[in-house]
2 protein chains.
Amino acid sequence: MAEPKQERAVKTREAILHAAAEVFDECGYSGASISKIMNRAGVTQGGMYFHFKSKRALAQAVMSSQQQFVRFPKGEDCLQRLIDLTFHLAHELQNNVLVRASIRLAVEQGEFGMQDDTVYQEWADQIHSYLRGARERGELLPEVDEGEFAQVLVGAYSGTQLYSQISTGRVDLPERVAALWHYLLPGITPPHVRSRLRIVPWEEGRAA
Amino acid sequence: MAEPKQERAVKTREAILHAAAEVFDECGYSGASISKIMNRAGVTQGGMYFHFKSKRALAQAVMSSQQQFVRFPKGEDCLQRLIDLTFHLAHELQNNVLVRASIRLAVEQGEFGMQDDTVYQEWADQIHSYLRGARERGELLPEVDEGEFAQVLVGAYSGTQLYSQISTGRVDLPERVAALWHYLLPGITPPHVRSRLRIVPWEEGRAA
């Protein structure tokens, strides 16, 4: 009998996280309330407090589930996969409330007294591993420091999506990501590699 | 008698703005209160409401005074001046509470229900004019679109300072700005120009 109970708990936790992401996405942190999230998830107070003790704990969980919410492009680690990831993430930011809420919380966390760079570091680590693959394939210029560029890209991308969100509600995010790559690629990869890279927005249904 | 009265009003407004920036910097938007700002500025309720009707109006004023708070590096419009500006701004973000508060509000504005990209556009315009100077001096590659790159830089810089703030309280911001330029410059300027650009942190007392 232990198995179904555990499964139910996992499902409840997921339902709460999903509802929390929706409410944080709509109302921001200060506008969200535990009771609103409970209602949205259809769980009792007992169910909620079994999994999350506070709004802050919920925000932390939504924030740290960021990578779990994203379906990563498949394929071998290389520059094209990194570029595809950035466009895929732009698409997710436009369409996936879980990703949107978790990034919003990561950006606005100062406003509710948090200073946690874990999720930024996780992205930097993920990108670093793509860049190691790119290095092995001879796609990077000798002077590129993969770890450093991973951090540069995480910072640059965070601000690009923020500016796009404030300017156009992220409608122009894919074009902004393309422009960012346009100016970054000459600094990291030689012309013969650059010429065969596809700098194109993510399309629904493309092999992921 | 009109003159001194007006002068006094200007001074009161400045004192309020300064106090508001301090309180927003320390407490964020939701943690700040009009009364806390009044006490800090040493103004009466009447004085406050003559200038600002609400916390939101105060936040808006602090946000939109951003460029007025920054002392810009002097000199002719060119790439070096743009690079110097980004390092100077890093220094201001570390040391000038007015700049820090206004950028914090610009980043976290979603959390208090604002979506105003004016201050981002103002930076893009300022950078665009530096880039026009750089173009006239033959410092830019033919394929660079000055207006587009200005927007790319504003986005990339915003996220760079955000990541640095969350990671290290902005202690490592100058190094992060240097790394960003390291990867961006090959995409905008030819090697002979690049080799004479100084990518160095701002120093107090340097001719501004």
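Here are some worked exercises on the predicted model shown above.

**Exercise 1. The make-up of chain A**

Describe the secondary structure of chain A, its dimensions and the share of its residues that is buried.

*Solution.*
Step 1: Start with the elements. Chain A has eleven helices and zero strands. Read from the N terminus, the order is α-α-α-α-α-α-α-α-α-α-α.
Step 2: Turn to the dimensions. Along the principal axes, the C-alpha atoms of chain A fill a box of roughly 60 × 45 × 35 Å.
Step 3: Look at burial and contacts. Of the 208 residues in chain A, 56% are buried. Among the contacts in chain A with a separation of 6 or more, 67% join residues 24 or more positions apart.

**Exercise 2. An annotated stretch**

Find the residues of chain A that UniProt lists as "DNA-binding region", and describe the chain there.

*Solution.*
Step 1: Take the range from the record. The unreviewed UniProt entry gives residues 33-52 of chain A for "DNA-binding region".
Step 2: Describe the backbone. Residues 33-52 of chain A are 75% helix and 0% strand. The C-alpha atoms at the two ends of this stretch are 13 Å apart.

**Exercise 3. Salt bridges**

Work through the salt bridges of Arg100(A), Arg81(A) and Arg176(A), giving the partner of each.

*Solution.*
Step 1: Set the scene. Over all chains, the structure holds 18 salt bridges.
Step 2: Take Arg100(A). Its salt-bridge partner is Asp25(A), and the closest N and O atoms are 3.1 Å apart. Arg100(A) belongs to helix H7 (residues 97-108) of chain A and Asp25(A) to helix H1 (residues 2-31) of chain A, so this pair ties together parts that are 75 residues apart in sequence. Asp25(A) has a relative accessible area of 17%; buried means under 20%, so Asp25(A) is buried.
Step 3: Take Arg81(A). Its partner is Asp77(A), with 2.7 Å between the closest N and O atoms. Arg81(A) is buried, at a relative accessible area of 15%, whereas Asp77(A) is partly exposed, at 26%.
Step 4: Take Arg176(A). It forms a salt bridge with Asp172(A), the closest N and O atoms being 2.9 Å apart, and both of these residues are buried.
Step 5: Add a network. Salt bridges also link Glu22(A), Glu26(A) and Arg40(A).

**Exercise 4. Two helix pairs in chain B**

Classify the packing of H4(B) against H7(B), and then that of H6(B) against H10(B).

*Solution.*
Step 1: Recall what is needed. Two packed helices are described by the angle between their axes and the distance between the axes.
Step 2: Take the H4 and H7 pair. Helix H4 (residues 55-64) of chain B packs on helix H7 (residues 97-108) of chain B at an angle of about 115 degrees, and the axes are 8 Å apart. Angles of 65 to 115 degrees count as roughly perpendicular, so H4(B) is roughly perpendicular to H7(B). Their crossing is left-handed. H4(B) makes the contact through Ala59(B), Val62(B) and Met63(B), and H7(B) through Ala101(B), Ser102(B), Leu105(B) and Ala106(B).
Step 3: Take the H6 and H10 pair. Here helix H6 (residues 79-95) of chain B and helix H10 (residues 173-184) of chain B pack at about 155 degrees, with the axes 9 Å apart. Angles over 145 degrees count as roughly antiparallel, and H6(B) and H10(B) are therefore roughly antiparallel. The crossing of this pair is right-handed. Residues in the contact include Leu82(B), Ile83(B) and Phe87(B) of H6(B), along with Val177(B), Ala178(B) and Trp181(B) of H10(B).

**Exercise 5. A phi angle to check**

Explain what stands out about the phi of Arg170(A), and then look at Arg170(B).

*Solution.*
Step 1: Recall the background. Most residues other than glycine have a negative phi.
Step 2: Check chain A. Arg170(A) is not a glycine, yet its phi is positive, at about 75 degrees. Arg170(A) sits in the loop between helix H9 (146-168) and helix H10 (173-184) of chain A, and it is buried, with a relative accessible area of 6%.
Step 3: Check chain B. Arg170(B) has a positive phi of about 75 degrees. Its place is in the loop between helix H9 (146-168) and H10 of chain B, and at 6% relative accessibility it counts as buried.

**Exercise 6. The surroundings of Gln60(A)**

Place Gln60(A) in its helix and name its contacts beyond four places in sequence.

*Solution.*
Step 1: Gln60(A) lies in helix H4 (residues 55-64) of chain A and is partly exposed, at a relative accessible area of 32%.
Step 2: Without its neighbours within four places in sequence, Gln60(A) contacts Met114(A) and Asp116(A). Gln60(A) and Asp116(A) are 56 residues apart in sequence, with their C-alpha atoms 9.1 Å apart in space.

Notes: Residues are numbered from 1 along each chain as its sequence is written. Chains are lettered from A and ligands numbered from 1 in the order in which they are written. This is a predicted model: local features need pLDDT of at least 70, side-chain atom pairs count only at pLDDT 80 or more; totals for chains, interfaces and linings use all residues. Side-chain values use heavy atoms; hydrogens and water are left out. Buried means under 20% relative accessible area, exposed over 50%, partly exposed in between (1.4 Å probe, protein chains only). Contact means heavy atoms within 4.5 Å. UniProt positions are given in the numbering used here, feature names are shortened, and annotations may be inferred rather than shown by experiment. A salt bridge is a side-chain nitrogen of Lys or Arg within 4 Å of a carboxyl oxygen of Asp or Glu. Axes are lines fitted to C-alpha atoms, for helices over the stretch in contact, and angles run from 0 to 180 degrees between N-to-C directions. Angles under 35 degrees count as roughly parallel, over 145 as roughly antiparallel, 65 to 115 as roughly perpendicular and the rest as oblique. A crossing is left-handed if the near helix is turned anticlockwise from the far one by less than a right angle, and right-handed if clockwise.
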